[in-house]
Amino acid sequence: MTDTMTKIASGLEQAFATRGFAEPSVEDLRDAAGVSLRTLYKYVPSRADMVLAALEHRHARYLSHLFDGLPEAPDAALDALLDRVGAWMATETSHGCLFHGAVAAEPGSERLREVLSRHKAEVARRGAMATGLGGHEIELSLIMEGLTQAWSLHRDAAVASAKRLGHDLLSHKAA
């Protein structure tokens, strides 16, 4: 990504994360991206492309947040991973997953469904590899997705519960 595209994608991500997908006008999105309307449309020629650029930027940031510098030991990696999901929820997205929000805003979009599916699959695959839970990607995904949904109601208790479930999965795998 060029510096300009990164700047645009970052601004669009923040605009959609704070205001949703329906509310911001093109002028609002231009302002959030910090570029002229001409430059915005040069890099992202449609609103659909703006949403996709924002989600791609979010995907890269989320992967970096979750997986950069994880401990090597599977149990420590699991705890750190779930702590990081909780921290992300606290600072980035207290009202739920931006990817699910995008699909909910445009349920007929196959492109958005593909981005959602790819994002969730990569998070589950990388999480399973980092925690020694290869072959249990679906179970780990359910734990992580459950955490993101329960976080707004239960916060730290949701993280603690996700850790218990994850360690149960680790011990079940070892048995």
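**Note on the predicted model: cores, cavities and salt bridges**

1. **Leu40 and its contacts.** Leu40 is in contact with Ile8, Leu12, Val26, Leu29, Arg30, Ala33, Val35 and Met50, leaving aside neighbours within four places in sequence. The model is a predicted one. Read these contacts, and everything below, on that basis.

2. **A second core.** A separate core of 25 residues is also present. Its members include Leu81, Val123, Leu169 and Leu170.

3. **The largest core.** The largest nonpolar core has 27 residues. Which of them touch the most other members? They are Leu12, Phe16, Leu40, Val44 and Leu55. Leu40 is thus listed here, and Leu12 is also one of its contacts. At least two residues of this core come from each of helix H1 (3-19), helix H2 (26-33), H4, H6 and H7. H1 gives the largest share, seven residues.

4. **Arg58: setting.** Arg58 sits in helix H4. Is this residue buried or exposed? Arg58 is buried, because its relative accessible area is 3%, and the cut-off for buried is under 20%. Beyond four places in sequence, Arg58 touches Glu13, Gln14, Ala17, Trp88, Glu92, Thr93, Leu98 and Phe99.

5. **Arg58: pairing.** Side chains of opposite charge can pair when their charged atoms come close. Arg58 does this with Glu13, in a salt bridge whose closest N and O atoms are 2.7 Å apart. Arg58 belongs to helix H4 and Glu13 to helix H1, so the pair ties together parts 45 residues apart in sequence. Both partners are buried. The pair also belongs to a wider set: Glu13, Arg58, Arg61 and Glu92 are linked in a network of salt bridges.

6. **Arg19: two partners.** How many salt bridges does a search of the whole structure find? The search finds 11. Two of the pairs involve Arg19. Glu23 forms a salt bridge with Arg19, with the closest N and O atoms 3.0 Å apart. The side chain of Arg19 also meets that of Asp28 in a salt bridge, at 3.2 Å from N to O. Exposure can be set out for each residue. Glu23 counts as exposed, because its relative accessibility is 52%. Arg19 is partly exposed, with a relative accessible area of 33%. Asp28 is partly exposed as well, at 26%. By contrast, Arg58 and Glu13 are both buried.

7. **The largest cavity.** Rolling a probe the size of a water molecule over the atoms shows where empty space is left. Across the whole structure, a search finds two cavities of 30 Å³ or more. The largest holds about 140 Å³ of space. Its lining has 15 residues, and the closest to the centre are Tyr62, Trp88, Cys97, His119 and Lys120. Which elements give two or more residues to this lining? They are helix H4 (47-67), helix H5 (74-91), helix H6 (98-105), helix H7 (110-131) and helix H8 (137-154). By residue class, the lining divides into eight nonpolar, four polar and three charged. Trp88, named above as close to the centre, is also touched by Arg58.

8. **The second largest cavity.** This cavity has a volume of about 40 Å³. What lines it? The lining residues are Lys120, Val123, Ala124, Ser141, Met144 and Glu145. H7 and H8 each supply at least two of them. The split is three nonpolar, one polar and two charged. Two of these residues appear elsewhere in this note. Lys120 is named for the largest cavity too, and Val123 is included in the second core.

9. **Arg155: backbone.** Most residues other than glycine have a negative phi. Arg155 is not a glycine, yet has a positive phi of about 45°. Where is Arg155 placed? Arg155 is in the loop between H8 and helix H9 (156-174). Arg155 counts as partly exposed, because its relative accessibility is 43%.

10. **Ala90 and Trp151.** Ala90 lies in helix H5. Ala90 counts as partly exposed, because its relative accessibility is 48%, and exposed begins over 50%. The C-alpha atoms of Ala90 and Trp151 are separated by 8.3 Å, with the two residues 61 apart along the chain.

Notes
Residues are numbered from 1 along each chain as its sequence is written. This is a predicted model: local features need pLDDT of at least 70, side-chain atom pairs count only at pLDDT 80 or more; totals for chains, interfaces and linings use all residues. Side-chain values use heavy atoms; hydrogens and water are left out. On a 1 Å grid over the protein atoms alone, a cavity is a set of points where a 1.4 Å probe fits but cannot get out, and a pocket is an open set with protein on both sides within 12 Å along at least five of seven lines; lining residues have an atom within 4 Å of a point. Grid points are joined across faces, edges and corners, and a volume is the space filled by probe spheres set on the points. Helices (H or I, at least four residues) and strands (E, at least two) are DSSP runs, numbered from the N terminus. Ala, Val, Leu, Ile, Met, Phe, Trp, Tyr, Cys and Pro count as nonpolar, Asp, Glu, Lys and Arg as charged, and the others, Gly among them, as polar. A nonpolar core is a set of buried Ala, Val, Leu, Ile, Met, Phe, Trp, Tyr and Cys residues joined through side-chain atoms within 4.5 Å. Buried means under 20% relative accessible area, exposed over 50%, partly exposed in between (1.4 Å probe, protein chains only). Contact means heavy atoms within 4.5 Å. A salt bridge is a side-chain nitrogen of Lys or Arg within 4 Å of a carboxyl oxygen of Asp or Glu.
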